[in-house]
Amino acid sequence: MKQLKIDALLLTFITLLMTGCEPSDPPQALGTLERDRVLLRATAAELITSLPKKEGSMVEQGELLLQLDPRKQATRVAIAKADLEQAQAYLLRLTNGERPEDIASAQANVARTTAAMVQAEKSYQRIKSLKKQNLVSQSDLDDATANRDRTRAEHKAANESLAKLIVGVRQEDITQAQAALDAARAKLELEQQTLSDLSITATRSGRLESLPFNLGERVPINAVVVAIQADDAPYARVYIPEAKVARVAIGQQLNVYIDGVEKPLKGKLRWLSKEPAFTPYYALNQQDRSRLVYLAELDLGLDAAALPTGIPAQVELP
């Protein structure tokens, strides 16, 4: 019986000795593989008229994913085009000057008023001479005087109209018309861009992750209507224990271990948070339950492109 107790104590001692000799696991940062998630929002509260792609399908950059009703905005574009054409025509009229026919008509009007003024002056002089001889009344002289003054005024107005046509418009008027044309052109570009934004296209290639709204629904403005998971190689988002942060630096190469992948992947540390956080639930272990950690991201190579998003990752720390 005594021998059995000694053997049991010896076995326990050997077991403890072997356990103490086993090398401890190297320090690790735990996390998951992630990819960029692109969210596309509605630019107007319109009906969905087309959903050419299905959730889960692969999409290429520039491919149409969702179409909002464009009829109302197309009308605004047509109005803006008409305003632009009107502004262009007005500026062209100012810069080209008056038509030769208008100038010829003004010259004829000057000749007519000149002849009338000469005739009225002769009539006035004749009536004035007769009045001195008391052959006409004072009212006749007054009528002749008024007729002379009227023809003089008409002649002056005709000359000013002709001069205005010959000189042309003022430079200020041309500048104002040019500014109106620029404003009309800018408004048209804005309306066309708004119309184009009603066609929601993929801004990056990847997998169509989500289409929250159905065909025929009216979406609220600024609502997320498309979610794309980028098809680039994933990156490792891990939590580095506070005691190990001083041993890593941006640009440093670290080994990344993935369950089911035999060889470790090479990851390049691209970002390290300046603010600590509490250890997330999936990175807890007995030694680090109460310690602070720092969120970090490591870029992976193309050899990780086929790995799914969300699987656990472990980064070996120096």
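This passage walks through a helix, two sheets and one loop residue in a predicted model.

Let's start with the helix. Helix α2 covers residues 71-96, 26 residues in total. From its first C-alpha to its last, α2 reaches 38 Å, which is close to the 38 Å expected at 1.5 Å a residue. Some of its residues are tucked away from the surface: Q73, V77, A80, L84, A87, L91 and L94 are the buried ones. Part of the cover over these buried residues of α2 comes from another element, α5 (171-197).

Next come the sheets. As a bit of background, strands in a sheet pair through backbone hydrogen bonds, and the pairing can be parallel or antiparallel. One sheet here is open and has three strands, lined up in the order β3-β5-β6, with antiparallel pairing. At its edges stand β3 (48-50) and β6 (199-201); each has a single partner strand, so one side of each is left without a neighbour in the sheet. The strands don't lie perfectly in line, either: ignoring direction, neighbouring strands of this sheet are turned by 30 degrees against each other on average. Zooming in on one pair, strand β5 (residues 64-68) is joined to β6 by three bridges, and the two run antiparallel. To find one of the matching residues, look at Q67, whose bridge partner in β6 is S199.

Another open sheet is built from four strands, and it's antiparallel too. Reading across, the order is β2-β8-β7-β4. Here the edge strands are β2 (37-41) and β4 (58-59), and each of them pairs on one side only. For β4, the partner is strand β7 (residues 206-210): two bridges link them in the antiparallel sense. Within this pair, M58 sits opposite R207 in β7.

Finally, there's a single loop residue to look at. S273 is found in the loop between β11 (265-272) and β12 (277-278). Is this serine buried or exposed? With a relative accessible area of 14%, S273 counts as buried, because the cut-off for that label is under 20%. Its side chain also has a polar partner, as the side chain of S273 reaches the backbone oxygen of E275 at 2.9 Å. What does S273 contact once its neighbours within four places in sequence are left aside? Y294 and L295 are then the residues in contact with S273. Put together, S273 is a buried residue in a loop, with E275 reached by its side chain and with Y294 and L295 in contact from further along the chain.

Conventions. Residues are numbered from 1 along each chain as its sequence is written. This is a predicted model: local features need pLDDT of at least 70, side-chain atom pairs count only at pLDDT 80 or more; totals for chains, interfaces and linings use all residues. Side-chain values use heavy atoms; hydrogens and water are left out. The expected span of a helix is 1.5 Å times one less than its number of residues. Buried means under 20% relative accessible area, exposed over 50%, partly exposed in between (1.4 Å probe, protein chains only). Contact means heavy atoms within 4.5 Å. Two strands pair if DSSP finds at least two bridges between them. Axes are lines fitted to C-alpha atoms, for helices over the stretch in contact, and angles run from 0 to 180 degrees between N-to-C directions. A polar contact is a pair of N or O atoms within 3.5 Å; within protein, one must be able to donate a hydrogen and the other to accept it, and residues adjacent in sequence count only if both atoms are side-chain atoms.
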